[in-house]
Amino acid sequence: MARAVAGRMPRPFRRHGKRRVNTLAPGACRAYVTAMTDAPLIPPSPTAEDYAAAPPPDDAAFFATGDPLALFAEWMALAREREPNDPNAMALATADETGAPDVRMVLLKGFDAAGFSFFTNLESAKGRQLGSNLQAALCFHWKSLRRQVRVRGAVEPVSGAEADAYFASRARDSRIGAWASAQSRPLEGRFALERDIAATALKFGLGDIPRPPFWSGYRIVPLRIEFWRDRPFRLHDRLVFERTAPDAAWMTTRLYP
Ligand SMILES: Cc1cc2nc3c(=O)[nH]c(=O)nc-3n(C[C@H](O)[C@H](O)[C@H](O)COP(=O)(O)O)c2cc1C
């Protein structure tokens with residue numbers, strides 16, 4: 001941070017005559033944050049004119065939807081057209097055995113009536129957390145669409161055949177990387193990783209690279225899916241689909257923003 005705003009950031013201590021004054025003392029913090037940059041880092045709230053420029057949403061179609069997967073597919077298709085990178089990226093929230101939450105991005109690799117799936121190293125932090133607590137939440141945020149989807153549910157491992165099929169579809173170097181990376185555990189440095197990758201590549205030679213036993217996927221079986229879309233003046237639309245069990249019917253509720 002200090003380097004990024006070099007020349008503009010005030011030193012924490014300033015001289016006032018013979019006195020050294022800590023500009024970071026309580027009460028001085030606000031001035032310090034303001035002085036760090038000339039341009040505001042946080043964008044201002046939209047104005048009435050900004051909101052007036054936004055196209056009106058198609059209310060009837062959105063709230064008439066009875067099938068959350070069809071709606072999700074529709075939004076994902078739009079995200080695929082509009083998002084510059086990784087429209088299938090989603091925040092995956094898990095909790096460890098003490099209940100402490102954790103969250104990170106992963107890529108959605110499939111969705112259907114059974115749930116939403118992703119792949120990872122089973123010995124990673126998320127893998128260990130899911131090992132002790134098979135519950136998770138997902139959050140998609142498509143900035144260019146100004147839409148969000150939240151999913152909550154129980155988690156189940158995908159089948160070996162499903163994981164094999166996805167693993168086989170990945171680039172050879174990604175498959176080697178999956179073997180070489182002890183995901184979420186301490187790494188000495190880039191050299192150590194490259195050494196492990198070289199050793200793995202040598203081990204497999206020109207042969208097939210099977211899926212590592214510690215690498216697979218999980219499926220979140222949704223009991224709740226919330227669709228959120230931006231509306232002017234923060235009076236957003238929220239539509240929740242809930243069911244009591246994976247084979248029960250979906251019930252819908254609108255929520256205050
Ligand atoms: C856009 C994006 C997509 C990612 N996709 C995956 C993924 O599909 N699987 C995965 O294991 N990590 C993925 N990562 C890396 C994770 O965010 C995370 O760094 C890694 O899985 C280790 O997380 P953990 O220590 O909580 O287990 C992705 C990161 C980003 C930013």
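Ala, Val, Leu, Ile, Met, Phe, Trp, Tyr, Cys and Pro count as nonpolar, Asp, Glu, Lys and Arg as charged, and the others, Gly among them, as polar. The exercises below concern a predicted model.

**Exercise 1. The shell around the ligand**

Work out which elements each supply at least two residues of the shell around the ligand, and how the residues of that shell divide into nonpolar, polar and charged.

*Solution.* Begin with the residues themselves: there are 16 around the ligand, and those that come nearest are Thr 120, Ser 124, Ala 125, Lys 126 and Ser 184. Next, assign the shell to elements of the chain, and you will find that at least two residues each are supplied by strand S4 (101-107), strand S6 (115-121) and helix H5 (125-132). Of these contributions, the one from S4, with 5 residues, is the largest share. Finally, sort the shell by the classes defined at the start, which gives 7 nonpolar, 5 polar and 4 charged residues.

**Exercise 2. The surroundings of Glu 97**

Locate Glu 97 in the chain, decide whether Glu 97 is buried or exposed, and find which residues Glu 97 is in contact with once its neighbours within four places in sequence are left aside.

*Solution.* First, follow the chain from strand S3 (89-95) to S4, since Glu 97 lies in the loop between these two strands. Second, count the other C-beta atoms within 10 Å of Glu 97: there are 10, and because a residue with 12 or fewer counts as exposed, Glu 97 is exposed. Third, set aside the neighbours within four places in sequence, and the contacts of Glu 97 are then with Ser 132 and Asn 133. As a last step, compare positions along the chain with positions in space: Glu 97 and Gln 129 are 32 residues apart along the chain, while their C-alpha atoms are separated by 6.9 Å.

**Exercise 3. The crossing of H7 and H8**

Describe how helix H7 (residues 172-180) and helix H8 (residues 190-204) cross, and state which residues of the two helices meet.

*Solution.* Two packed helices are described by the angle between their axes and the distance between the axes. Here the axes of H7 and H8 come within 9 Å and cross at roughly 115 degrees, which means that H7 is roughly perpendicular to H8. The handedness of this crossing is right-handed. Turning to the residues, Ile 176, Gly 177, Trp 179 and Ala 180 on the H7 side meet Leu 193, Asp 196, Ile 197, Thr 200 and Ala 201 on the H8 side. Sorted by class, the residues of this contact are 6 nonpolar, 2 polar and 1 charged.

Key
Residues numbered from 1 in each chain as written. Predicted model: local features only at pLDDT ≥ 70, side-chain atom pairs only at ≥ 80, totals over all residues. Near = placed C-beta within 6 Å. Helix = DSSP H or I, 4+ residues; strand = E, 2+ residues; numbered from the N terminus. Buried ≥ 20, exposed ≤ 12 C-beta atoms within 10 Å, placed from the backbone. Contact = placed C-beta atoms within 7 Å. Axes fitted to C-alpha atoms, helices over the stretch in contact; angles between N-to-C directions. Parallel < 35°, antiparallel > 145°, perpendicular 65-115°, else oblique. Left-handed = near helix turned anticlockwise from the far one by under 90°.
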